[in-house]
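Open the model in your viewer and keep the sequence panel visible. The stops below say what to select next and what is there.

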Amino acid sequence: MTRAPLLSSRNLGSDGHASSRPSPPSALQKHLLSKHPGITSLPTALRELVVHGFSSPKKVLVPIANGTEPMEAVITIDVLRRAGADVTVASAEKDLRVEACWGIKIVADALVSDCTDSSFDLISLPGGMPGSATLRDCGALQSIVKKQAEKGGLYAAICAAPAVALGSWGLLQGLKATCYPSFMEKLPSEAIKVESRVQVDGRVATSRGPGTAIEFSLALVEQLYGKEKADEVAGPMVMRPHHGAEFAMTELNSIEWKINNTPQILVPIANGSEEMEAVMIIDILRRAKANVIVASVEDKLEIVASRKVKLVADMLLDEAVKLQYDLIVLPGGLGGAQAFSTSEKLVDLLKKQAKSKKLYGAICASPAMVLEPHGLLKGKKATAYPAMCNKLSDPSECENRVVVDGNLITSRGPGTSMEFALAIVEKLFGRQNALNLAKTLVFI
């Protein structure tokens with residue numbers, strides 16, 4: 001008799017929870033439960049593994065193209081992979097590498113044309129223009145999504161994509177749907193237009209823009225795995241308590257961040273950097289008209305981020321250190337923060353930045369793993385990822401989502417990244433510009 005497998009590290013997330021929702025128990029597993037009722041008192045993750053054994057992960061397709069909105073794509077990929085989904089990032093272009101909006105370069109796992117014979121539990125389309133139009137015009141993708149709809153599978157779209165792609169393909173008939181505000185009139189007449197931040201109607205989910213992408217992604221996790229898993233994934237991300245509310249920062253020792261010309265900003269990335277954090281920072285600061293240089297601390301331009309999204313930097317750090325910056329911002333991610341902390345060139349650059357009273361900042365693991373051990377938080381108040389706050393010599397401001405202390409800005413995690421980036425915009429360009437940008441993103 002074949003015994004149901006009990007434990008495997010590959011099916012557990014870093015927090016010890018099962019990485020995907022298992023299938024119903026077999027007769028053997030039901031027998032196991034009846035004979036050993038004590039199993040029900042085990043922690044949830046362990047109980048599920050004992051009872052259910054292993055189920056194959058949910059398969060998800062996220063197509064991308066030149067002009068895709070990178071926040072919407074990367075947040076969806078990242079959050080679904082956190083839930084344990086097997087996400088294929090597929091390029092609708094001829095090449096794997098695409099240039100998304102705001103000059104952010106992403107390398108796909110496959111071409112859409114390679115995925116036509118594959119089966120998916122969910123297909124989710126990011127927005128952005130002209131990316132959404134390219135997805136609409138991709139015959140292979142249209143065929144895949146229509147087959148998904150015909151078999152009763154889950155499909156979803158955000159921003160421009162519900163109107164431009166799903167609506168054009170006739171896949172919103174009689175369904176409640178939302179999209180980016182300026183595209184609402186382009187939704188087909190047979191769709192029921194709603195202005196929800198996220199709208200789920202049966203097997204179809206739609207949403208509004210970059211500022212609703214995390215909520216949208218968690219709704220997809222709930223559709224695939226249930227609310228318990230969605231809550232489990234949301235917990236470590238340091239989510240906003242009230243979506244759509246105005247954002248704020250905690251500011252001490254306030255100084256004016258005065259820069260006469262276009263702000264020059266360095267965002268280093270490395271293998272293991274948190275892709276949501278990096279992409280939100282880069283995207284939002286470029287939207288605000290800052291000149292953002294993305295520099296790889298690795299020996300090549302392409303890095304593999306913490307949830308395996310492949311990003312391409314503008315230059316290597318060796319070249320980037322030759323330039324002057326008004327602000328240096330470090331994304332988090334455990335592996336990325338470790339790489340930053342051991343990069344002598346980056347640490348030296350940060351020390352010179354701080355010594356000359358220039359601006360610098362970090363989010364998530366980086367305040368605790370990079371700034372603290374190198375003396376860059378001396379005499380400063382800061383926050384960090386909740387589990388890392390015990391590494392700060394002064395954790396008194398740790399509960400705040402964004403902390404500005406003079407020329408330093410710090411923040412907590414993926415769920416605070418948009419607030420973090422918008423706080424930088426506010427300090428550089430003023431509150432009104434930050435609010436206008438937040439509204440454009442559908443963050444507020």
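**Stop one: helix 8**

Select residues 227-234, which form helix 8; Lys 229, Ala 230, Val 233 and Ala 234 are buried there (under 20% relative accessible area, with exposed over 50% and partly exposed in between, for a 1.4 Å probe and protein chains only). Seen down the helix axis, the buried residues fall within an arc of 135°, so they line one face of helix 8; the arc is that of the directions from the helix axis to the C-beta atoms. An α-helix has 3.6 residues a turn, so residues three or four places apart point the same way. Add helix 3 (70-82) and helix 7 (213-225): the buried residues of helix 8 pack against both, contact being heavy atoms within 4.5 Å.

This is a predicted model, in which local features need pLDDT of at least 70 and side-chain atom pairs count only at pLDDT 80 or more, while totals for chains, interfaces and linings use all residues. Residues are numbered from 1 along each chain as its sequence is written, and side-chain values use heavy atoms, leaving out hydrogens and water. Helices (H or I, at least four residues) and strands (E, at least two) are DSSP runs, numbered from the N terminus.

**Stop two: the open sheet**

Next, show the open sheet of seven strands, ordered 5-2-1-6-7-11-10 with mixed pairing; two strands pair if DSSP finds at least two bridges between them. Its edge strands, strand 5 (110-111) and strand 10 (198-201), each pair on one side only. Strand 5 runs parallel to strand 2 (residues 86-91), with two bridges, and Ser 91 has Leu 111 as its bridge partner. Helix 7 comes back here: it packs on the sheet, touching strand 1, strand 6, strand 7, strand 10 and strand 11 (204-207).

**Stop three: strand 21**

Which way do the residues of strand 21 (residues 408-411) point? Leu 408 and Thr 410 point one way, Ile 409 and Ser 411 the other, and all are buried. Strand 19 (residues 359-363) runs parallel to strand 21 and is joined to it by four bridges; Ile 363 is the bridge partner of Ser 411. Strand 20 (residues 402-405) pairs with strand 21 in the antiparallel sense, also over four bridges, and Asp 405 is the bridge partner of Leu 408. Two residues lie between the strands of this hairpin, where Gly 406 takes a positive phi near 65°.

How values were computed:
Axes fitted to C-alpha atoms, helices over the stretch in contact; angles between N-to-C directions.
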